Amino acid sequence: MKIHIHRDYRSLSRATADLIVSYIIEKPNSLICLASGHTPLGVFECLVKDVKEKKVDISQCVFVGLDEWVGIGPKQDGSCRLLMDQFFFEPLMIPAKQIHFFDALSNDLQHEADKINSVIGWNGGLDIMLVGIGTNGHIAMNEPGTSFESIAHISELADETKVVGQKYFKSSTELKYGITLGLKHFSESKLPILMANGSKKSAIMKRVLEGKPGEDVPASIVHQVPQSIVMLDEEAAIELKR
Ligand code: PGA
């Protein structure tokens, strides 16, 4: 695990995008999972700019969705897919056939999980996996207690996630379950990046990096993933011993 601390959100986003761009330049047909949520929005902005300025060609990349709220459709306000469409897939006009995403409205959610596990399996694992962190230490919708060996599955959301998750929705929305990639996908990806910014994430980052690693803090998996990179801004890193 490596930890990089950047001055502010802007430089953190730029540096994270640079890691992704360098990887894609080496492997143009990368299988990539980029988290939805607010943390990576600055990275998306940088990547969209880089692609438009032809600094990197993503035409051969394939994208996998990280997670989705069960019962929320892809065009519905607050969905992970809608955010990805708005800030990444549509600005870059990525063809639908190069995007694999969970259908969280499906009557057969296990089939949805199996489908995404197969896409990742056929490709021998993800190349790049960029994730944020919840204030309870979750990665994607892998809540505290999830096995480090997990692959895509349906997860029961933690109470904290149900409350914090309201920030993505215009009106109060009942959230109970999620469908998500697993923690094994993170440990097996070639370039796993955990990104956090802002003072709201400082307490959990201290716990992740300086507490006892274990499945009660999903993001602490970074300790057992030698190739993982933790990208922080100063605010998220403020409680760390340095
Ligand atoms: P955020 O969400 O990027 O919107 O802070 C992170 C998460 O809960 O995983």
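User: Where should I begin? How do the axes of α2 and helix α3 cross, and at what angle?

Analyst: Start with two numbers, the approach of the axes and their angle. This is a predicted model. Here the axes of α2 and α3 (residues 80-89) come within 9 Å. They cross at roughly 35°.

User: Which residues of α2 meet α3?

Analyst: Read a helix contact from both sides. From α2 come Leu41, Phe44, Leu47 and Val48. They meet Leu83, Met84, Phe87 and Phe88 of α3. Next, sort the contact by class. Eight of its residues are nonpolar, with no polar and no charged ones.

User: Now cavities. How many cavities of 30 Å³ or more are there?

Analyst: A cavity is a space where a 1.4 Å probe fits but cannot get out. The count here is one of 30 Å³ or more. Its volume is about 50 Å³.

User: Which residues line the largest cavity?

Analyst: Ile20, Ile24, Ile32, Leu34 and Leu47 are among them. The lining also includes Val51, Val56, Ile58, Phe63 and Phe88. Leu47 and Phe88 are worth marking: they belong to the contact of α2 with α3 and also line the cavity.

User: Which elements each supply at least two residues of that lining, and how does it divide by class?

Analyst: The elements are α1 (9-26), β2 (31-34) and α2 (41-52). By class, the lining has ten nonpolar residues, no polar and no charged.

User: And pockets? How much space lies in the largest pocket?

Analyst: A pocket is an open space, whereas a probe in a cavity cannot get out. The largest pocket holds about 800 Å³. It has 37 lining residues. Find its centre on the model through Gly37, His38, Lys167, Tyr168 and Lys201, which lie nearest to it.

User: Which element gives the largest share of the lining of the largest pocket?

Analyst: That is α3, with four residues. Along with α3, β4 and α5 (159-164) each supply at least two. The classes are mixed: 13 nonpolar, 17 polar and seven charged residues.

User: What lines the second largest pocket?

Analyst: Begin with its volume, about 240 Å³. The lining includes Tyr9, Arg10, Ser11, Ser13 and Arg14. Gly42, Glu45, Cys46 and Lys49 line it too. Both α1 and α2 supply at least two residues. The largest share, five residues, comes from α1. By class there are two nonpolar, three polar and four charged residues.

User: Now a sheet. In what order do the three strands of the open sheet run?

Analyst: Strands of a sheet pair through backbone hydrogen bonds, either parallel or antiparallel. Here the order is β4-β8-β7, and the pairing is antiparallel. The edge strands are β4 (67-69) and β7 (153-156), each pairing on one side only. From one strand to the next, the twist averages 25°.

User: Over how many bridges do β4 and strand β8 pair?

Analyst: Over three bridges, with β8 covering residues 177-180. To check the register, find Glu68, which stands opposite Ile179 in β8. Note that β4 has a second role, as it also contributes to the lining of the largest pocket.

User: Last, the whole chain. How many helices and strands does it have?

Analyst: Eight helices and ten strands. Its radius of gyration is 17 Å, close to the 18 Å that the globule rule gives for 242 residues, so the chain is as compact as a globular protein of that length. Along the principal axes, the C-alpha trace spans about 45 × 40 × 35 Å.

Definitions and conventions. Residues numbered from 1 in each chain as written. Predicted model: local features only at pLDDT ≥ 70, side-chain atom pairs only at ≥ 80, totals over all residues. Heavy atoms only, no water. 1 Å grid on protein atoms, 1.4 Å probe; cavity = no way out; pocket = protein on both sides within 12 Å on 5 of 7 lines; lining within 4 Å. Points joined across faces, edges and corners; volume = space filled by probe spheres on them. Nonpolar A, V, L, I, M, F, W, Y, C, P; charged D, E, K, R; others polar. Pairing = 2+ DSSP bridges. Axes fitted to C-alpha atoms, helices over the stretch in contact; angles between N-to-C directions. Contact = heavy atoms within 4.5 Å. Rg over C-alpha atoms; globule rule 2.2 N^0.38 Å.
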